[in-house]
Amino acid sequence: MSREVLNLLWMFGIFASLLFIIGIYCILATYNLIRALIGIEIMIKAVTLLLIVAGYVTGRTALIQALVITTIVIEAVLVAVTAGVILGIHRHTGSLDTRKMRDE
Amino acid sequence: MQRLDLFILIILVLAALWTAMSRGLIRSAIGLALTSAILTIIMFRLNSPLAAVFELSVCSGLISVLFVSTISLTQPLTKEEARQHMWARLSRFWYLPIILVGVGIFLSLFKLRQDLSMPVLQAQKDVRVLLWGTRQMDLLGQLLILLAGVFAVIILFKEKKNNE
């Protein structure tokens, strides 16, 4: 692996880690269910970024694109299913606050 | 090339930060769409155009629509309540951004030693051949997952009808 490629991998790796940490922060710092879902989305973006750069570095962009497309489909369905669950919770508790979900 | 990549990556992280820190949920949803759009540029630059098109159409488009629908179907906080919540949250978790920066610096100190080359499976093929020809089990799984998504969207709009 050449030095230039390694530098590229490093640069993308650090930024993907930062993105992942921002996603975790978004989940930890809120009680709102929708914002927690947005945090999960940011974490998935970090994973997608790492997959893409791994494909570029190893020269297997076709395989990685197939994997990323699968990830995107799962991401979309995850949001749709979770949005349905969140709406159900909102209907029962009248709120999106996770604290109000306790002992219900 | 690397300088431009660095610039795009910084913009990506700033967009994600805006998504995480912004006060309103709608703004967060818009920030997420922006993050997806910037990620699309990176994908194009790293020779993954098909995945980039998917990312732009599904993540920036469909998922944003889903988020905005969900936000509008629920009743968000008033502006004053949202402001109070934001300040309470910032004062409660002021140390988390410091941890974030610390972890970033800590990660940058490590030396990467792993060999990330993938095992040789087969000769490099076109992505369409790979997706439709050699990954049929993935496609079956995707179809089942899409079915689950369709049911989820039905639930989404069924709730709306009940509320009306």
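Helices (H or I, at least four residues) and strands (E, at least two) are DSSP runs, numbered from the N terminus. This is a predicted model, in which local features need pLDDT of at least 70, side-chain atom pairs count only at pLDDT 80 or more, and totals for chains, interfaces and linings use all residues. Residues are numbered from 1 along each chain as its sequence is written, and chains are lettered from A and ligands numbered from 1 in the order in which they are written.

**Exercise 1. Describe the fold of chain B.**

Step 1. Take the elements. Chain B has 7 helices and 0 strands. Along the sequence the pattern reads α-α-α-α-α-α-α.

Step 2. Take burial. A residue is buried if 20 or more other C-beta atoms lie within 10 Å of its own, exposed if 12 or fewer, and partly exposed in between; C-beta atoms are placed from the backbone. Of the 164 residues in chain B, 23% are buried.

Step 3. Take contacts. Two residues are in contact if their C-beta atoms, placed from the backbone, lie within 7 Å. Count contacts in chain B between residues at least 6 apart in sequence: 52% of them join residues at least 24 apart.

**Exercise 2. Follow helix 2 of chain B to its end and past it.**

Step 1. Helix 2 of chain B has 21 residues and spans 31 Å from first C-alpha to last. That is close to the 30 Å expected at 1.5 Å a residue. The expected span is 1.5 Å times one less than the number of residues.

Step 2. B:Asn47 comes just after this helix, in the loop between helix 2 and helix 3 of chain B. Its phi is near 60°, a positive value in a residue other than glycine. Most residues other than glycine have a negative phi.

Step 3. B:Asn47 counts as partly exposed because it has 16 C-beta neighbours inside 10 Å.

**Exercise 3. Map the side of chain B that touches chain A.**

Step 1. Count both sides. 64 residues of chain B are in contact with 60 residues of chain A.

Step 2. Assign elements. Helix 1 (2–21), helix 2 (25–45), helix 3 (49–73), helix 5 (96–109), helix 6 (127–134) and helix 7 (136–163) of chain B each supply at least two residues. Helix 3 of chain B gives the most, with 12 residues.

Step 3. Sort by class. Ala, Val, Leu, Ile, Met, Phe, Trp, Tyr, Cys and Pro count as nonpolar, Asp, Glu, Lys and Arg as charged, and the others, Gly among them, as polar. The side of chain B that touches chain A has 41 nonpolar, 15 polar and 8 charged residues.

**Exercise 4. Characterise the packing of the two helices numbered 3.**

Step 1. Helix 3 (residues 61–93) of chain A packs on helix 3 of chain B at about 5°, with the axes 10 Å apart. Axes are lines fitted to C-alpha atoms, for helices over the stretch in contact, and angles run from 0 to 180 degrees between N-to-C directions.

Step 2. The two helices are therefore roughly parallel. Angles under 35 degrees count as roughly parallel, over 145 as roughly antiparallel, 65 to 115 as roughly perpendicular and the rest as oblique.

Step 3. Residues in this contact include A:Ile72 and A:Val79 from chain A, and B:Phe54 and B:Leu62 from chain B. By class, the contact has 18 nonpolar, 2 polar and 2 charged residues.

**Exercise 5. Place A:Val77.**

Step 1. A:Val77 is in helix 3 of chain A. With 21 C-beta neighbours inside 10 Å, A:Val77 is buried.

Step 2. Leaving out residues up to four places away in sequence, A:Val77 touches B:Ile145, B:Leu146, B:Ala148 and B:Gly149.
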